[in-house]
Amino acid sequence: MSTGTGEAVSGRPRDLRIDSAVLDAAAELVVDVGYRKLTMAAIADRAGTTKTALYRRWSGKAELIHDLAFSRMARLPPSSGEVEADLRIMVAAARDLFASPVTRAALPGLISDMAAEPELAARVHAGFAEVFGALRDRLVTAVDRGEVHPDVDPDRLIEVVGGAAMLHALLLDDREFDTAWADQLSALVVHGVLR
């Protein structure tokens with residue numbers, strides 16, 4: 001059996017219906033009451049289970065909400081072979097992640113908790129590492145092919161796109177992410193990097 005932290009635990013197999021009910025309840029509650037007011041007891045109550053069942057799966061609220069917000073992180077499809085299309089996919093994936101009502105409601109509290117909890121920070125960084133690595137590989141290939149300016153640092157480009165989406169989610173919560181937002185950011189990125 002696997003816990004929220006990925007550790008193997010012996011015993012009775014985990015009831016995935018409880019996992020689903022807990023994640024659904026947490027998603028509803030974090031949007032309704034916000035991250036700070038959210039409690040494990042309220043999540044358990046809404047999910048029709050016990051706090052003990054939650055703590056068997058997650059070490060606490062921060063880990064549970066991290067899994068909820070970031071486990072849905074889009075895995076990018078294989079490269080299209082065209083750098084402009086890949087960059088647009090990258091922008092759309094960042095928008096989709098940070099436009100989620102759950103992510104928007106959870107993000108300020110998770111950022112605060114990451115500063116106080118090194119284990120949570122490491123977990124968040126590890127979650128993004130796979131996606132960032134795939135993006136980095138695509139951009140390095142594009143630089144090698146001469147499709148992207150040779151002085152473009154893939155890590156900085158990832159920060160630009162992810163940072164723009166995160167900033168929008170944190171500071172401009174009264175504005176929706178939409179196709180126009182993604183198109184405008186894509187245009188900025190594409191015209192700034194294509195030869």
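Here are three short exercises on this predicted model, each with a worked solution.

**Exercise 1.** Describe the largest pocket: what is its volume, and which residues and elements line it?

*Solution.* Let's start with the space itself: the volume of the largest pocket is about 490 Å³. Next, look at the walls. The lining is made up of 27 residues, and those nearest the pocket centre are Phe98, Phe128, Phe132, Gly162 and Met166. Now move from residues to elements: two or more lining residues come from each of helix H5 (83-99), helix H6 (101-116), helix H7 (118-144) and helix H8 (154-171). H8 gives the largest share, with 8 residues. Finally, sort the lining by character: 20 residues are nonpolar, 3 are polar and 4 are charged.

**Exercise 2.** Find how many aromatic pairs the whole structure holds, and work out which geometry applies and whether the partners are buried or exposed.

*Solution.* A search of the whole structure turns up 1 aromatic pair. Its partners are Phe177 and Trp181, with ring centres 4.9 Å apart and planes at 75° to each other. Planes over 60 degrees apart count as edge-to-face, so this pair is edge-to-face. For burial, the cut-off is under 20% relative accessible area. Phe177 has 10% relative accessibility, so Phe177 counts as buried. Trp181, at 14%, therefore counts as buried too.

**Exercise 3.** Which ring does the charged end of Lys61 sit over, and at what distance from the ring centre?

*Solution.* Go to Lys61 and follow the side chain to its charged end. There you will find the ring of Tyr35, with the charged end sitting over that ring, 4.4 Å from its centre.

Technical notes. Residues are numbered from 1 along each chain as its sequence is written. This is a predicted model: local features need pLDDT of at least 70, side-chain atom pairs count only at pLDDT 80 or more; totals for chains, interfaces and linings use all residues. Side-chain values use heavy atoms; hydrogens and water are left out. On a 1 Å grid over the protein atoms alone, a cavity is a set of points where a 1.4 Å probe fits but cannot get out, and a pocket is an open set with protein on both sides within 12 Å along at least five of seven lines; lining residues have an atom within 4 Å of a point. Grid points are joined across faces, edges and corners, and a volume is the space filled by probe spheres set on the points. Helices (H or I, at least four residues) and strands (E, at least two) are DSSP runs, numbered from the N terminus. Ala, Val, Leu, Ile, Met, Phe, Trp, Tyr, Cys and Pro count as nonpolar, Asp, Glu, Lys and Arg as charged, and the others, Gly among them, as polar. Rings of Phe, Tyr and Trp (its six-membered ring) pair if their centres lie within 6.5 Å; planes under 30 degrees apart count as stacked, over 60 as edge-to-face and the rest as tilted. Buried means under 20% relative accessible area, exposed over 50%, partly exposed in between (1.4 Å probe, protein chains only). A charge sits over a ring if NZ of Lys or CZ of Arg is within 6 Å of the ring centre and within 35 degrees of the ring normal.
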